[in-house]
Amino acid sequence: MSDATIYQRDIQPYGRLTASQIRRLVLPIDAGFQQALRAIAARLEAATEALHTARLTAIAAAVTASAPGTATRGQVDPVAMGRDLLRRLVAQAASRPGGVALARDILQGETLATVLRRRPAKLAAAMAHAVEVLEQRKRQLPEHETWTAELKRSRDALEPLVRSVRKTRLARRTMTPEVKAARAEWLTIYGAAKLLVECVLRLHDKVSLMPQIFDDLADDAPRVTGEPESPAQDPAPSAAGALPSGA
């Protein structure tokens, strides 16, 4: 039977692989079962696509509900603004007497390129740290009050985007009723496919092929307990394009 602890991220590759392997490996074995095998492979493909669509719809709805708003023409991207501010601050700090150490402290010992590549939440944290450093070493940078004010404004401008990204990630891990129903349907069909394929293979003493057809039966398949969760690397739908770059 199907394993309810299959990771959500594995359902799509499992479904596609199994349908393909049924046609490639099992269909030629017994002509009497060909119609049934084609039917279960087609149902599995349809259920796989239905679950994928349900998940994308749920994520798109969450993104739309939590997005901070569509940028208008000429509006500054808060991520780009924050990165530019840190770049200018580090350059200014490094130009002062003893400024190399100050710049290093602002960057927490990391390179500027590393800090600027970070996602919005980490970028906001880097700005907060820079504010703390300027407060502690204000004598080394006479313009520290101006820089501090700019850092705080830029950090605050990032907050709506940071909240939106967090909500989107949470949505990817949360199964809506529609996703739960589609998942249950997929598991039912996947389990039925196992029973049918095993029946055919047993009739021909080829049960050893099962792990090649059902990837969750392979020795290295991921096994977990509890509620499966969706991964962060799942592709977001096109609606996520409303988020500013760097999200």
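**Salt bridges, helix packing and cores**

The structure holds ten salt bridges, and since the model is a predicted one, these pairings are best read as features of the computed coordinates. One of them joins the side chains of D84 and R88, with nitrogen and oxygen 3.0 Å apart. Both residues belong to helix α3, which covers residues 78-94, and they are separated by four residues, or about one turn of that helix. D84 has a relative accessible area of 33% and is therefore partly exposed, and R88, at 36%, likewise counts as partly exposed.

A comparable arrangement is found in helix α8, residues 177-203, where R202 and E198 also lie four residues apart, about one turn of the helix. Their side chains form a salt bridge in which the closest N and O atoms are 2.8 Å apart. Here the two partners fall into separate classes of accessibility, because R202, with a relative accessible area of 55%, is above the 50% limit and so is exposed, whereas E198, at 24%, counts as partly exposed. Salt bridges with shared partners also link D84, R87, R88 and E150 into one network, so the D84 and R88 pair described above belongs to that network.

A further salt bridge connects R118 with E110, at an N to O distance of 2.1 Å. Both of these residues are partly exposed, R118 with a relative accessible area of 22% and E110 with 33%.

Turning from charged pairs to the packing of helices, one may follow helix α4 (residues 99-106) to the place where it meets helix α6 (residues 120-136); the axes of these two helices come within 9 Å and cross at roughly 145°. On the α4 side the contact is made by L102, D105 and I106, and on the α6 side by H129, A130, V133 and L134. By residue class, this contact of α4 with α6 consists of five nonpolar residues, one polar residue and one charged residue.

The nonpolar interior can be approached through the largest core, which has 32 residues and in which I22, L37, W186, V197 and I213 are those with the most contacts inside the core. Two or more residues are given to this core by each of α1 (8-26), α2 (34-66), α8 and α9 (210-213), and α8 supplies the largest share, with eleven residues. The surroundings of L37 give a local view of the packing, for L37 touches I22, V26, L27, L196, V197 and V200 when residues up to four places away in sequence are not counted. A second core, separate from the one just described, has 27 residues, including L89, V90, A93 and L107.

Helix α1, one of the contributors to the largest core, has 19 residues and reaches 26 Å from its first C-alpha to its last, close to the 27 Å expected at 1.5 Å a residue. Its buried residues are Q8, D10, I11, Y14, G15, T18, A19, Q21, I22, L25 and V26, and among these I22 and V26 appear as contacts of L37.

A last point concerns D156, which is placed in helix α7 (residues 144-173) and counts as partly exposed at 45% relative accessibility. Although D156 and P78 are 78 residues apart along the chain, their C-alpha atoms are separated by 9.2 Å.

Key: Residues numbered from 1 in each chain as written. Predicted model: local features only at pLDDT ≥ 70, side-chain atom pairs only at ≥ 80, totals over all residues. Heavy atoms only, no water. Salt bridge = Lys/Arg side-chain N within 4 Å of Asp/Glu carboxyl O. Buried < 20%, exposed > 50% of the residue type's maximum accessible area, 1.4 Å probe, protein only. Axes fitted to C-alpha atoms, helices over the stretch in contact; angles between N-to-C directions. Contact = heavy atoms within 4.5 Å. Nonpolar A, V, L, I, M, F, W, Y, C, P; charged D, E, K, R; others polar. Core = buried A, V, L, I, M, F, W, Y, C linked by side-chain atoms within 4.5 Å. Expected span 1.5 Å × (residues − 1).
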